[in-house]
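Dear colleague,

Please find the structure below, with the sequence alongside. My notes on what was found in it follow.

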Amino acid sequence: MNKNEGYVFGLDIGTRSIVGTVGYRVGTERFVVVAQESIEHTTRAVIDGQIHDISTVAKTISEIKSRLENRIHQSLYDVNIAAAGRVLKTKQVHAVHEFAAETKVTEEHIRSLDMMGIEKAYEEIRKEAEDKEKHFFCVGYSIVKYFLNGYPMEMIKMHTANAIEVELIATFLPEEVVDGLYSAVEEAGLHVAGLTLEPIAAINVAIPEKFRLLNIALVDVGAGTSDISIVKEGSIIAFGMIPLAGDEVTEAIAQNYLTDFETAERVKRQCEHRKSVSFRNIFGENIRVTKEDIAEVSREAVDSITKSIASRIRELNGDKTVSAVFVVGGGGKHEGFTEKLAKYLDLPENRVAIRGAEVLTQVEFLQEGIHKDSTLVTPIGICMNYYEQNNNFIHVLVNEQRVKLYDNGKVTVLDACVSFGLSQTDLFPVRGDSLHYFVNGNERVEKGKTGEPAIVRKNGREVSLNEAVEENDEIHIHPSTKGDAADLSLSDIPECGEEIAITLFGKKILCPKLIEINGALAGAFTKIKNQDKIEIYDYYTVAGALEFAGWEKEERVLLNGREAGMTAKVRDGDSIELMPKPVEEKREPEKSQEEKTEEKAEKKAEGKEEEDPLLQPLKPLPKWMEGVPFDTAKLGADGKRIPGMSEKNENTAPASDAPTADAPIIPIQVMVNDTTVTMPKKANPIFVDVFDVYPFDMSKAGGSRLITRINGVDKDFTEPLQNGDRIELYWEK
């Protein structure tokens with residue numbers, strides 16, 4: 001077991017006194033106390049659980065060690081100690097570890113998540129510390145709850161998740177507290193065999209595992225502070241402390257009766273067992289007080305202490321009361337203490353009780369004169385803790401630097417790295433910075449690249465972070481790296497690679513979609529920056545389409561058969577055609593009246609004077625025109641329509657929309673066999689007028705049937721024409 005030959009030696013180094021206990025365990029629950037010694041401090045060598053005067057405390061420890069050795073007739077060497085809960089720093093935090101994609105959760109992922117929580121707790125404690133250079137040791141952490149994709153779960157290992165979370169309580173001790181305890185113990189000629197925490201030592205005795213499913217608070221009321229521990233659902237969920245305890249009651253007695261602190265402390269303790277006590281004040285007057293007198297004098301102090309304890313319990317328990325409270329320590333034995341605490345916690349008085357002899361039923365004292373009460377709970381718990389875990393500090397080398405680790409029997413390489421000061425980003429690969437950008441108003445995220453994991457070697461052999469470590473192990477860490485930041489070009493966005501198909505002047509072309517970044521046009525290989533706003537357009541303007549194809553801009557074009565300007569939008573599948581150009585008529589220069597008179601005289605002299613064509617007889621139509629689909633009654637001998645003839649009869653009234661004599665007549669343009677022609681300047685041109693401007697031999701039949709179509713539909717020669725009509729005129733073979 002150790003050099004104490006089967007005995008366990010425990011020291012409870014408190015603010016008021018030091019208690020040494022020697023004993024051994026029988027079976028798994030029974031503990032036998034062979035000897036116990038207690039010595040009160042004569043000076044303020046320990047304040048609020050922290051050793052200030054190491055030499056004085058070491059002398060007191062040496063005296064206790066000597067007395068115990070005389071009782072058991074054996075030398076003592078190994079000792080188990082506890083750090084006060086009042087110097088303990090605890091934080092409950094929530095940490096989240098997200099994956100880039102659905103991932104099966106491994107032990108490494110869970111350790112990484114736990115470490116994120118510990119780091120978060122450590123940083124919060126460092127921020128709250130007045131001395132920003134102060135260091136703390138993580139002496140343990142307790143998992144409150146794990147979450148898988150946002151849902152609570154007891155075991156997350158081997159499950160597939162997008163994100164895992166943990167809620168944990170991390171416990172830290174200031175470095176100077178640990179160093180002070182070790183220095184005082186070692187100066188007394190002892191070796192620390194195990195280190196625990198006073199609240200844990202007390203709770204292990206006062207609240208066994210079988211009771212921890214209940215929501216119970218344990219309050220250890222000492223001299224300078226009151227330590228609070230809370231259990232729920234099988235685990236310790238919180239630690240806390242208030243700087244009020246038994247000394248406040250002692251001070252109230254001293255002030256009321258004008259006596260020194262030591263006398264007031266003696267009176268307070270004696271009144272716990274006697275009905276009345278006599279003492280002298282600073283003037284030498286003899287004063288006799290009863291138990292009721294002391295209770296009345298200290299009423300306000302007890303009220304203040306219990307009110308503060310109740311408030312702290314509620315705060316630690318999620319702003320609600322607990323199911324029950326157990327009180328240990330000398331300060332909690334004062335008259336009216338438990339009743340007041342029950343009142344401020346809104347609990348029945350029987351739910352707040354002092355835990356003393358009833359929790360020590362499995363403890364046997366071989367030394368006579370020891371009274372089982374609540375003051376013995378923590379000293380016995382320190383001894384019992386030795387059998388649960390061999391807590392101690394060990395030393396290892398991390399990257400050639402000596403590191404002290406709190407050994408809870410489960411120390412790993414990861415614990416050594418944390419104590420060395422390596423962060424979570426040093427040990428686990430970090431994904432590079434993500435890129436946040438917007439496409440047509442919708443936010444998108446491109447994640448960075450994953451970094452390289454840390455390379456860990458213990459004593460020259462590559463190991464995982466979960467590898468156990470022992471005294472003097474040598475650990476070398478090559479830190480993990482952060483991956484490259486997300487790198488993205490416009491060409492990497494699927495929509496940016498799409499094209500718009502346009503038929504331009506009869507030829508199909510493919511145009512890349514236009515893209516703007518923050519309002520400026522950008523090419524496919526442009527790099528995207530964080531928060532860039534990208535707009536992808538599914539159309540061109542007519543001008544843009546012409547420019548892309550290398551054509552000069554036109555004033556007007558036909559877009560899907562309709563006239564359009566340069567700013568009109570062209571979308572996928574649209575067609576652009578040129579506007580038909582007007583055909584200029586070749587006209588003879590206008591002759592003067594004199595020239596016309598001379599020309600007419602010459603023709604008359606030569607016998608060639610033209611006769612009025614209207615007076616000439618109609619020429620018979622050729623046989624091939626017998627089946628031509630038009631009304632010859634409306635045409636003259638030259639094939640032209642006779643003015644004034646309508647489709648019904650000559651007496652038909654003119655159409656209401658016929659142009660007036662004063663209205664200008666604008667010639668129209670049509671496309672005849674893909675040739676643009678300008679029709680004669682007439683108010684209502686018809687099909688047959690085409691022959692005036694388009695060369696077509698009507699004297700000979702060129703096939704079996706003459707085709708006359710307007711916009712793809714068969715029509716006769718009397719069909720009215722509109723601007724832009726497409727005419728087909730040919731012989732069908």
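Helices H8 and H9 are oblique to each other, because their angle of about 45° lies outside the ranges that count as roughly parallel, antiparallel or perpendicular. Please keep in mind that this is a predicted model.

In this pair, H8 covers residues 299-316 and H9 covers residues 337-344, and their axes are 9 Å apart. The crossing of H8 past H9 is right-handed. On the H8 side, the contact is made by Val 302, Asp 303, Ile 305, Thr 306, Lys 307, Ile 309, Ala 310 and Arg 314. H9 contributes Phe 337, Lys 340, Leu 341 and Tyr 344. By type, the residues of this contact comprise seven nonpolar, four charged and one polar.

A second helix to look at is H4, residues 198-206. Seven of its nine residues are buried, so H4 is largely enclosed by the rest of the structure. The buried residues are Glu 198, Pro 199, Ala 201, Ala 202, Ile 203, Val 205 and Ala 206.

As for the chain as a whole, its secondary structure amounts to 14 helices and 41 strands. The chain has 733 residues, and 44% of them count as buried. Its accessible surface is about 40,000 Å², with 48% of that belonging to carbon and sulfur atoms. Among contacts in the chain with a separation of 6 or more, 61% are between residues 24 or more positions apart.

Regards

Terms used:
Residues numbered from 1 in each chain as written. Predicted model: local features only at pLDDT ≥ 70, side-chain atom pairs only at ≥ 80, totals over all residues. Heavy atoms only, no water. Axes fitted to C-alpha atoms, helices over the stretch in contact; angles between N-to-C directions. Helix = DSSP H or I, 4+ residues; strand = E, 2+ residues; numbered from the N terminus. Parallel < 35°, antiparallel > 145°, perpendicular 65-115°, else oblique. Left-handed = near helix turned anticlockwise from the far one by under 90°. Contact = heavy atoms within 4.5 Å. Nonpolar A, V, L, I, M, F, W, Y, C, P; charged D, E, K, R; others polar. Buried < 20%, exposed > 50% of the residue type's maximum accessible area, 1.4 Å probe, protein only. Areas by Shrake-Rupley, 256 points an atom, 1.4 Å probe, with all protein chains shown as cover.
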